[in-house]
Amino acid sequence: MWYRTIPLVGVIAWVWLGLPQITVAAGYPCALRQYSSGSVCVCNVTYCDTLEFEEPTVPGSFVLVSSSSGGLRFALTKGSYLRTKSGSPLPPPPRKRSRATENDITITIDRTRRYQTVEGFGGAFTGAVSYNLAKLRAPLRESLYKSYYSKEVGIGYSFMRIPIGGCDFDLDPWAYNELPTNDGTLSNFTALDDRDLVKVSQIKQLIEVTNNSDIRVIGAAWSPPRWMKTNNDWTGASRLKPEYYQAWADYHVRYLELMKAAGLEFWAISTGNEPLNGVIGFLFIHFMSLGWTAPEQGRWVGQYLGPTLRQSSVSSVKLFGCDDQRYTFPWWFKLMDQGHANATSYLDGLAVHWYWDGVAPPALLDQTAASYPGKWIFNTEASLGDKPLQQHRPILGSWDRAESYILYVLQDLQHSVNGWIDWNLVLDERGGPNYAKNYVESAVIANITSKEEAYKQPIFYGLGHFSRFILPGSVRLDAQSTSSNVVASAFERTDNKTVVVFYNKANTQSIVRIEDKRYGSIRLQLPGKSIHSFLYA
């Protein structure tokens with residue numbers, strides 16, 4: 001890896017008695033393309049930008065990686081806190097305190113106050129993602145695999161969510177054992193569907209190309225075959241017929257066993273995607289769903305799914321509950337236990353979606369964590385373009401959408417969340433395919449017309465500032481900012497390095513001081529609307 005000194009690119013860092021170099025990674029920089037709403041980074045069959053840097057190893061050394069609405073994409077700064085021969089930080093030189101110093105925004109790291117452990121970040125490999133990737137030429141497809149899941153040149157995702165059967169991001173709704181009907185023995189569920197065989201092949205290639213065998217896969221079902229449901233339809237108001245409670249539990253285990261036999265082992269499954277879609281959401285949601293009330297789901301989990309999974313050949317697979325909006329926390333789990341006394345004892349984690357975070361306070365996450373200690377809380381789905389007043393499609397280059405992601409990820413991390421999984425990894429220019437025309441945003445947009453280009457949205461870089469630096473096993477530290485314009489979270493990693501991820505919401509540049517008693521302080525001049533990952537040894 002080589003670095004070259006370049007002119008100031010919008011991020012300036014000062015340390016006491018010295019200036020660090022301003023550098024960029026020797027990997028491949030963003031091929032920036034401007035659209036009316038902002039800029040994207042273009043990947044094609046011969047070129048795709050990367051994130052490559054040498055991690056700091058000498059105590060006090062750091063790297064600062066920055067992205068901004070002004071066009072920075074993973075810009076890299078290297079430097080070090082200056083230290084005495086004894087290893088202690090040098091004191092600042094005596095000088096008169098300036099107005100600029102008095103107006104510094106300060107982020108203070110308190111290592112004595114420690115919170116949850118973060119397991120990692122990821123995205124979803126839906127039928128639409130599989131379809132889009134298959135349309136791209138192989139070199140571009142492999143570059144996108146690396147961009148997401150490589151720990152050396154990409155953003156180092158460690159999780160992948162896969163639908164069990166179909167979801168709205170498919171060409172058609174589908175499930176296993178659609179025929180014969182009323183078949184509680186699942187006699188026709190003996191092999192993987194061709195669509196899943198394609199996914200398995202693609203994911204195996206992804207693992208090989210990225211050299212990342214640590215990816216943890218989470219499954220979730222949208223709907224059983226229609227004959228198991230009270231309305232005999234893919235969508236609409238529905239419940240699972242009680243006579244098929246055991247068959248639906250067996251369905252999940254059968255899927256896990258077939259996937260394992262095909263070479264793809266799952267780390268976890270959920271109790272089902274967005275159960276309230278079939279209870280109240282059917283009024284405006286027209287894709288696959290299965291309605292549950294919390295007590296009904298509690299009975300199914302406590303009496304059927306939990307015991308069946310525990311007694312199966314895939315008993316090590318974790319189970320996450322709810323998989324719905326934040327406003328269901330924590331009452332959903334309390335009502336599950338009313339349906340069956342042992343329901344939540346079978347849950348290893350609690351899954352939440354972000355779509356109504358704006359009306360449900362993050363304190364609900366902390367309350368849930370306190371009520372159910374020892375259980376993970378994962379955000380398992382997020383996207384934009386789903387609301388009535390939003391544009392139901394990708395907006396190429398939109399920094400506003402990236403900012404929404406950045407601020408909500410920071411909020412989740414500040415409120416007990418252990419893992420964060422985005423929705424579709426790659427969508428087409430419309431935000432699909434989606435048989436229900438439920439088109440939304442994605443961090444990467446594939447040009448399916450040419451099959452030779454893909455566009456990394458600002459969202460991709462926003463997410464990468466978390467996923468590449470907050471490694472699995474990192475513990476959140478207390479981080480307090482003196483300004484509401486700068487939002488920050490800090491983490492101590494298992495390699496004893498510290499990372500601070502922070503965002504400048506202001507439209508203008510800000511002077512930020514990061515204070516850590518172990519090393520002293522460092523001053524950074526940040527451009528407006530910019531996100532930064534500050535990693536130091």
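**Barrel, open sheet and a buried threonine**

Three bridges, written as 3 bridges in the assignment, join strand 9 (residues 120-124) to strand 10, and these two strands run parallel. Before I continue, please note that this is a predicted model, in which local features need pLDDT of at least 70 and side-chain atom pairs count only at pLDDT 80 or more, whereas totals for chains, interfaces and linings use all residues. Residues are numbered from 1 along each chain as its sequence is written, and side-chain values use heavy atoms, with hydrogens and water left out.

Some terms first. Helices (H or I, at least four residues) and strands (E, at least two) are DSSP runs, numbered from the N terminus. Two strands pair if DSSP finds at least two bridges between them.

Let me return to strand 10. Gly123 stands opposite Met160 in strand 10. On to the next partner: 6 bridges join strand 10 to strand 11 (residues 216-221), again in parallel, and Ile162 stands opposite Gly219 of strand 11. Strand 10, helix 4 (residues 194-210) and strand 11 make a right-handed β-α-β unit; right-handed here says that, with the strands pointing away from the viewer, the path from the first strand over the helix to the second runs clockwise.

Is strand 10 (residues 159-164) mostly covered or uncovered? It is mostly covered, with 6 of its 6 residues buried, where buried means under 20% relative accessible area, exposed over 50%, and partly exposed in between (1.4 Å probe, protein chains only). Phe159, Arg161 and Pro163 point one way from strand 10, while Met160, Ile162 and Ile164 point the other way.

These strands belong to a closed barrel of 8 strands, which runs 9-10-11-12-13-14-15-16 with parallel pairing. The twist averages 25 degrees from one strand to the next; such angles run from 0 to 180 degrees between N-to-C directions, with axes fitted as lines to C-alpha atoms, for helices over the stretch in contact. Further round, strand 14 (residues 349-353) and strand 15 (residues 376-381) run parallel and are joined by 5 bridges, with Trp376 of strand 15 as the bridge partner of Gly349.

The second element is an open sheet of 4 strands in the order 4-5-18-17, with antiparallel pairing. Strand 4 (32-35) and strand 17 (444-447) stand at the edges with a single partner strand each, so one side of each has no neighbour in the sheet. Neighbouring strands of this sheet are turned by 35 degrees against each other on average, direction ignored. Strand 4 and strand 5 (residues 38-44) pair over 4 bridges, and Arg33 stands opposite Val40 in strand 5.

Two helices pack on this sheet. Helix 3 (residues 138-149) touches strand 5, strand 17 and strand 18 (453-456), and its direction makes about 20 degrees with that of strand 18. Helix 10 (residues 458-467) touches strand 5, strand 17 and strand 18 as well, at about 55 degrees to strand 18. Because 10 of the 10 residues of helix 10 are buried, this helix is largely enclosed by the rest of the structure.

I close with one residue. Thr498 lies in strand 21 (residues 498-504) and, at 0% relative accessibility, counts as buried. Its contacts (heavy atoms within 4.5 Å), leaving aside neighbours within four places in sequence, include Arg111, Leu477 and Phe534. What joins the side chains of Thr498 and Arg111? A polar contact of 2.6 Å does.

Methods
A polar contact is a pair of N or O atoms within 3.5 Å; within protein, one must be able to donate a hydrogen and the other to accept it, and residues adjacent in sequence count only if both atoms are side-chain atoms.
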